[in-house]
Amino acid sequence: VIVIEAAGGLTDEAERLAAQLGPSRVGADAPLVELVRQVGLSVVNVEDVTGDFRKTLASMSQLLDTRSAALRSAEGSDAYEAERDKKARMSEGVACGILRRTLVVAEKPYLHTSAGVT
Amino acid sequence: MTEDPPPPSATTRSYEEKYEAFNSREAGDARVAALGSDLPNGYTTLEQASRICEALELGPEDLLLDLGAGRGWPGSLIAERSGCRLLSADLPLTALRPAQEGLARSVGARASVICADGRRLPLGDGECDAVCHADVLC
């Protein structure tokens, strides 16, 4: 599982700002890793991939700028502007330290029974 | 793909419009430059998808569910490298059509695409060996 989420330990105000700057229609009551545990999975690996996300956003934003004319023509100006604005907002959230991207690998716990491992 | 997909909600329609723009050649060129492949939707890089593939350790008998697959990424890479079977599920048809075309080329008959809500998948308990879920609703 990989998601963009609010960084941990934020104030209520920072949480609200993260929700504004982050992806639309995303909200969770707990960090991803906690949600994964809550559904009964064993977490194998948790990795903060915000650094990669920052680079990808920067690269995409640069490409949106340099290919502006072609993208506007292909996608329409409204779609182009919406995408450009979204990238800018998320970049701001990452730069402020209130948005992060997390990769979680988890597995279903094996049940040890008298019949063996299931 | 199912014959009778559910009627799209307002959210699904907004994503269908987004994917229509996303499918342009120019946008594809930008993804190649930023992510290393034309197929990705979201922000999962080729390198991250490769790491997920290694961690899952899937084989030809295994079934991977890519939940919220969009255009098929990163499930396509995992299935291509591991040889596993793949079920890519999402709602926007404008994402699933290119997913189906791309997966037919890269994964072949081991891949299936389904238009389905993640809360109501036509799967029984234990049918999948692994699930990947990346950048859904972003």
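## A buried lysine, an aromatic pair and a helix face

With a relative accessibility of 5%, A:Lys87 counts as buried, because buried means under 20% relative accessible area. This value, like every other one in this report, comes from a predicted model. A:Lys87 lies in helix α5 of chain A, which covers residues 77-95. Leaving aside residues up to four places away in sequence, A:Lys87 touches A:Leu57, A:Met60, A:Ser61, A:Leu64 and B:Tyr43. With B:Tyr43, the side chain of A:Lys87 also makes a polar contact of 3.4 Å.

B:Tyr43 takes part in an aromatic pair as well. Over all chains, a search of the whole structure finds one such pair. Its partners are A:Phe53 and B:Tyr43, arranged edge-to-face, with 5.1 Å from centre to centre and 80 degrees between the planes. The pair crosses between chains: A:Phe53 belongs to helix α3 (residues 50-66) of chain A, while B:Tyr43 sits in the loop between α2 (25-35) and α3 (46-56) of chain B. Both residues are buried.

The table sets out two side-chain pairs that involve B:Tyr43.

| Pair | Kind | Distance |
|---|---|---|
| A:Lys87 and B:Tyr43 | polar contact | 3.4 Å |
| A:Phe53 and B:Tyr43 | aromatic pair, edge-to-face | 5.1 Å, centre to centre |

Helix α1 of chain A (residues 12-21) has A:Ala14, A:Ala18 and A:Leu21 as buried residues. Seen down the axis of α1(A), the buried residues fall within an arc of 70 degrees, so they line one face of the helix. The face turned away from this buried side carries the exposed residues A:Asp12, A:Glu13, A:Arg16 and A:Gln20. Among the elements that cover the buried residues of α1(A) are β1 (2-6), α5 and β3 (99-107) of chain A.

Technical notes
Residues numbered from 1 in each chain as written. Chains lettered and ligands numbered in written order. Heavy atoms only, no water. Helix = DSSP H or I, 4+ residues; strand = E, 2+ residues; numbered from the N terminus. Buried < 20%, exposed > 50% of the residue type's maximum accessible area, 1.4 Å probe, protein only. Polar contact = N/O pair within 3.5 Å; in protein donor to acceptor, adjacent residues only side chain to side chain. Contact = heavy atoms within 4.5 Å. Arc of directions from axis to C-beta. Phe/Tyr/Trp six-rings, centres within 6.5 Å; stacked < 30°, edge-to-face > 60°.
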